[in-house]
Amino acid sequence: MKVAVYDTKPYDQEYLRSAQVSKAPQLDLTFYEFKLTPQTMHTAKGFEAVCVFVNDELNRDVVGFLYEHGVKRIVLRCAGYNNVDLESCEKLKIPVFRVPEYSPHAVAEHAVALLMTLNRKTHKAYNRVREGNFSLNGLIGFDVYQKVIGVVGTGKIGRAFAQIMLGFGCRVLGHDLYPDAELATKGVEYVSLEKIIKESDILSLHVPLTEQTFHLLDRERLWQLKPGAIIINTGRGALIETKGLIEVLKKGHLGGACLDVYEEERRYFFDDFSNRIISDDVLARLLTFPNVVLTSHQGFFTHEALTAIAETTITNLLIPTDQINRYGLQK
Ligand code: NAI
């Protein structure tokens with residue numbers, strides 16, 4: 001099977017190649033560094049499958065083009081699928097595979113890393129001591145112990161995050177359409193969205209991006225957060241209305257924001273812009289706040305997760321066509 005693999009970096013290629021060699025030497029993978037978008041979709045001609053990541057743009061036009069040119073499956077190298085027009089895929093009978101679980105711990109642990117960086121300012125301390133500055137001025141943090149942690153979305157990643165925070169000795173509140181009974185027995189108290197927003201000292205988002213969760217934290221809800229609260233977003237950028245976030249940060253209402261994702265990340269994330277101008281003023285403004293820690297969608301970026309992503313992706317490419325009996329999202 002000929003597969004066009006989009007938005008790949010050397011590390012993606014390395015892990016995919018290694019899984020392919022051991023599991024499926026018959027697959028013919030062509031790696032592209034650019035994303036699959038309406039502008040690049042012509043490059044999918046002649047392939048039977050496309051393999052994409054979080055910021056490829058598979059809207060109705062792209063899915064229609066893929067269908068017309070004989071692409072018979074879409075294989076995502078990620079868990080989220082908000083960037084694929086599933087309705088069109090279902091209509092055109094294109095199955096969409098994803099990696100529903102590769103390492104929830106990778107993302108949950110990154111959320112904790114962001115929180116502890118922002119809180120204890122280790123990013124600043126690291127630079128200071130390397131320059132011979134051993135002063136502690138401005139580095140005061142707080143004990144996370146006994147703080148109220150809100151976890152919105154207690155699926156695989158949210159559950160892992162909640163358990164880590166229980167281990168820190170926190171009071172953990174949860175909010176989910178489907179509360180997890182086992183997590184509740186471990187001490188997570190399920191509450192409404194309104195309550196979790198109003199009562200959390202630290203609020204972490206782990207829901208998928210859907211029509212219902214788009215701007216879940218909009219300007220109004222951001223103002224309802226406890227003064228001094230910290231928000232963590234390792235889910236998807238558009239769970240937060242970024243302009244509203246900038247407003248509450250400017251007014252000093254929030255303690256800070258730990259972000260691994262950003263609404264308009266597609267243009268910048270995963271690439272080196274250190275010698276170029278960032279023309280996105282919202283992103284540029286976010287980067288000026290001393291109480292914002294931003295990483296470039298790297299929650300998933302561990303050896304274990306990359307190995308699991310590559311193996312599941314290759315497995316998804318190997319599923320025989322005659323065994324696929326449903327279209328759109330597979331699982
Ligand atoms: P999951 O499907 O296991 O859990 C999501 C949870 O959210 C479920 O329990 C679901 O019931 C709940 N939920 C959905 N809509 C809701 C709503 N409107 N209100 C309340 N709860 C709702 O997904 P998982 O694996 O935990 O991943 C969560 C998200 O994390 C993914 O959708 C993806 O966007 C993001 N992610 C980010 C990564 C990163 O590198 N930063 C890597 C992997 C995933």
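Trainee: Which way does α1 pass α12, right-handed or left-handed?

Mentor: In this predicted model, α1 passes α12 in a right-handed crossing.

Trainee: And how are the two axes placed?

Mentor: Helix α1 covers residues 10-23 and helix α12 covers residues 303-318; their axes come within 9 Å and cross at roughly 50°. That angle makes α1 oblique to α12.

Trainee: Which residues meet there?

Mentor: From α1 you have Tyr15, Leu16, Ala19, Gln20 and Lys23. Their partners in α12 are His303, Leu306, Thr307, Ala310, Glu311, Thr313, Ile314, Thr315 and Leu318. By class, the contact of α1 with α12 holds seven nonpolar, five polar and two charged residues.

Trainee: OK, now α4 and α6. At what angle do they pack?

Mentor: About 50°, with the axes 8 Å apart; α4 is residues 104-120 and α6 is residues 156-167. These two helices are therefore oblique to each other, and their crossing is right-handed.

Trainee: What's in that contact?

Mentor: On the α4 side, Pro104, His105, Val107, Ala108, Glu109, Ala111, Val112 and Leu115. On the α6 side, Lys156, Ile157, Ala160, Phe161, Ile164 and Met165. The contact of α4 with α6 divides into eleven nonpolar residues, one polar and two charged.

Trainee: What sits just before α6?

Mentor: Glycine 155 is in the loop between β6 (148-152) and α6. Glycine 155 is partly exposed, at 32% relative accessible area. Its C-alpha is 7.5 Å from that of histidine 206, although the two are 51 residues apart along the chain.

Trainee: And after α4?

Mentor: Lysine 121 lies in the loop between α4 and α5 (122-130). Its phi is positive, near 55°, in a residue other than glycine.

Trainee: Why look twice at that?

Mentor: Because most residues other than glycine have a negative phi. As for its surroundings, lysine 121 counts as buried, with a relative accessible area of 18%, since the cut-off for buried is under 20%.

Trainee: Where does aspartate 7 lie?

Mentor: In the loop between β1 (2-5) and α1. Aspartate 7 is not a glycine, yet it has a positive phi of about 50°.

Trainee: Is aspartate 7 buried or exposed?

Mentor: Buried, with a relative accessible area of 2%.

Trainee: Switching topic: how many disulfides does the count come to?

Mentor: Zero disulfides.

Trainee: Why no bond for cysteine 78?

Mentor: The closest cysteine sulfur belongs to cysteine 51 and is 9.1 Å from the sulfur of cysteine 78, which is too far for a bond. The cut-off for a disulfide is sulfur atoms within 2.5 Å. Cysteine 78 is buried as well, at 1% relative accessible area.

Trainee: And cysteine 170?

Mentor: Similar reasoning. The closest cysteine sulfur to that of cysteine 170 is in cysteine 258, 14 Å from it, so that is too far for a bond. Cysteine 170 is buried, with a relative accessible area of 9%.

Trainee: Let's do α10. Which residues are buried there?

Mentor: Helix α10 spans residues 242-250, and in it Thr242, Gly244, Leu245, Ile246, Val248 and Leu249 are buried.

Trainee: What covers them?

Mentor: The cover includes the helices α9 (219-224) and α11 (281-286), plus the strands β10 (230-233), β11 (256-259) and β12 (292-294).

Trainee: What follows α10?

Mentor: Glycine 252, with a positive phi near 75°.

Trainee: You mentioned α9. Anything on glutamate 220?

Mentor: Glutamate 220 lies in helix α9 and is exposed, at 56% relative accessible area. Its C-alpha and that of valine 248 are separated by 9.9 Å, with their positions 28 residues apart along the chain as the spacing.

Trainee: Last one. Where is glutamate 57 found?

Mentor: In the loop between β3 (49-52) and α2 (60-68). Glutamate 57 is partly exposed, with a relative accessible area of 24%.

Trainee: What does glutamate 57 touch?

Mentor: Leaving out residues up to four places away in sequence, glutamate 57 touches Leu36, Thr37, Pro38, Val62, Asn83 and Arg266. For threonine 37, the C-alpha atoms are separated by 4.8 Å, and the two residues are 20 apart along the chain.

How values were computed:
Residues are numbered from 1 along each chain as its sequence is written. This is a predicted model: local features need pLDDT of at least 70, side-chain atom pairs count only at pLDDT 80 or more; totals for chains, interfaces and linings use all residues. Side-chain values use heavy atoms; hydrogens and water are left out. Axes are lines fitted to C-alpha atoms, for helices over the stretch in contact, and angles run from 0 to 180 degrees between N-to-C directions. Helices (H or I, at least four residues) and strands (E, at least two) are DSSP runs, numbered from the N terminus. Angles under 35 degrees count as roughly parallel, over 145 as roughly antiparallel, 65 to 115 as roughly perpendicular and the rest as oblique. A crossing is left-handed if the near helix is turned anticlockwise from the far one by less than a right angle, and right-handed if clockwise. Contact means heavy atoms within 4.5 Å. Ala, Val, Leu, Ile, Met, Phe, Trp, Tyr, Cys and Pro count as nonpolar, Asp, Glu, Lys and Arg as charged, and the others, Gly among them, as polar. Buried means under 20% relative accessible area, exposed over 50%, partly exposed in between (1.4 Å probe, protein chains only).
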